[in-house]
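Q: Please take a close look at a single part of this model. Pick one strand and follow what surrounds it.

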Amino acid sequence: MEMRDRIKEKLQDKIKDWREVSTKRIYFSLDKKDILKTTEILLKNLELRFITASAVELPHGFELLYHFSNDPSGEIYTVRLLLDDKLKPEVASISPLFPGGEWIEREIWEMFGINFIGHPNLKKLLLADEWPQGDYPMRNKK
Amino acid sequence: MSHKIIVPIGPYHPLQEEPEFFQLYVEGEKVVDIDIIIGYNHRGIEKLSESKHFDQVPFLVERICGICSSSHPYAYVLAVENILGGEFNIVPEKSLFIRTIIDELQRIHSHLLWLGLVGHFIGYNTVWMWAWKFREPVLDMFEMVTGNRNNYAMFKVGGVRRDIKDDDIPQIKKMLDELLPGIDLFHGAIMDDPIIKMRLKDVGRLTRQQAIEWAVVGPTARASGVNIDIRRDEPYGSSDRLDWKVIIEKDGDIFCKTVVRILELYESISLIRQCLDKMPKSGIIDADIKDIPVGEGIGRVEAPRGECFHYIVSDGTNRPLRHKIRSPSFMNVASDKVAAVGGTISDATLTLAAVDPCYCCTERVAVINKSDNSKIMNGWDLIKLSQDKTLKLKESYYGRSK
């Protein structure tokens, strides 16, 4: 069975908006409460590899994209989450599942101000410790 | 554990590509914990990219790293071409071969540089000097093909900027032929020298399970038995039309990492040769792309250190709305946390260097004595310690007279 069918079977109605942009680039949305469970399924059951996560600022909130690679077929599955609370964006951290996710969540936290609940070591990664609190360099300045 | 900031000791090198600051916590000789502090060279390139024209971004991302300075532009143009319909659909035939040639030449010079540094760290300065000697013709080849020894400015959306002249091909082939005996020399030195084997075997081991947990990429992952190589998994350039194989080792120690890189040198030379043979003699090299439509694209290439990942969001204007970059070292350096802990201090620099970050990074190492948090050693002391260990091994192996 192909990976895309296995993902659909495992996640079922958690998947909201399935889009195959090109043959090897598949995007789907999730509710933000499902991210931890979904990441566990993708990494542990389906043995995908976590590439990285990207944050994008939207006018009304933030979008988080988690990129997973299925190396045998060369496909990239991207999980989208919409964080619609612009003032207090937060989501569950996936780092407790595997240590490889720690750094990128620290980076997104300091650059975009998105809080990762349950992160084992949420502190500055790239910015200096003296960087002013509440100033997030990757956010658009009015 | 306290996270005291310690001013790094050692010469500050303005050209260093990835300055990291490692704080090793030691008990006696044993490393019990390690803090990795990065960000000294954060230049905000992702943000900067949002203010550049799509055609200017390759020049910007090229400057992320001086050693793999074609991987970032390549991953970026692949991401944009993903929005446009895929590299194979829009890029002219000849450009695909030129792209692979540049990509593989860069792998050769990067792996040689790494080999030289490992030689230096373990006290084999001859290996170091050899590596520099054999790396020089590779840079000459770059100069011949692209006009630059570094930052080649070859990649653009829809093609490449410069053609490889037919007159240059015999010369490139000749230089590649001359490179082979040099790599044989390394191969022999690493495989046959009992001291190097003793020094590198079982040091800084990253097991397959750890490699998967830390999501490491490239030679670091392949040395631990993780079978990934973007060139094969998601072919780009002409890599799917050439005959080559992915090098996998099982043990995950520094010896395996060295073997993987040496054997990859042979594969890269073979790939370039095949490209030069199969490349069309004439033809356009640029598809002349003007506008980038609305959309999002992901591009990735196998940089010398592993998968280099770029994500682009385009809103239909002439600038990217968002440009996310993930370099391979971002994943690999984090895994030092498991690879270095449990080893001895004399192996620490070697282990930290084994994932192939920049060598100047090790000058930022400080060893902290756990009992009173006092700083006892800097980077050069650690390299000295590592070299002394090799010397002792040599003495016990050959006897004092040698």
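A: What follows is a close look at strand 2 of chain A.

This is a predicted model, in which local features need pLDDT of at least 70, side-chain atom pairs count only at pLDDT 80 or more, and totals for chains, interfaces and linings use all residues. Residues are numbered from 1 along each chain as its sequence is written, and chains are lettered from A and ligands numbered from 1 in the order in which they are written.

Strand 2 of chain A covers residues 25–30. Strands (E, at least two residues) are DSSP runs, numbered from the N terminus. In a regular strand, side chains alternate between the two faces of the sheet. The covered face here holds A:Ile26, A:Phe28 and A:Leu30. A:Arg25, A:Tyr27 and A:Ser29 make up the uncovered one.

Now the partners. Two strands pair if DSSP finds at least two bridges between them. Strand 1 (residues 18–22) of chain A runs antiparallel to strand 2 of chain A, joined by four bridges. The two form a hairpin, with two residues between them. Within this pair, A:Trp18 stands opposite A:Phe28. A:Phe28 also belongs to the covered face.

Which strand pairs with strand 2 of chain A in the parallel sense? That is strand 5 (residues 75–83) of chain A, over six bridges. There, A:Arg25 stands opposite A:Ile76. A:Arg25 lies on the uncovered face.

How values were computed: Buried ≥ 20, exposed ≤ 12 C-beta atoms within 10 Å, placed from the backbone.
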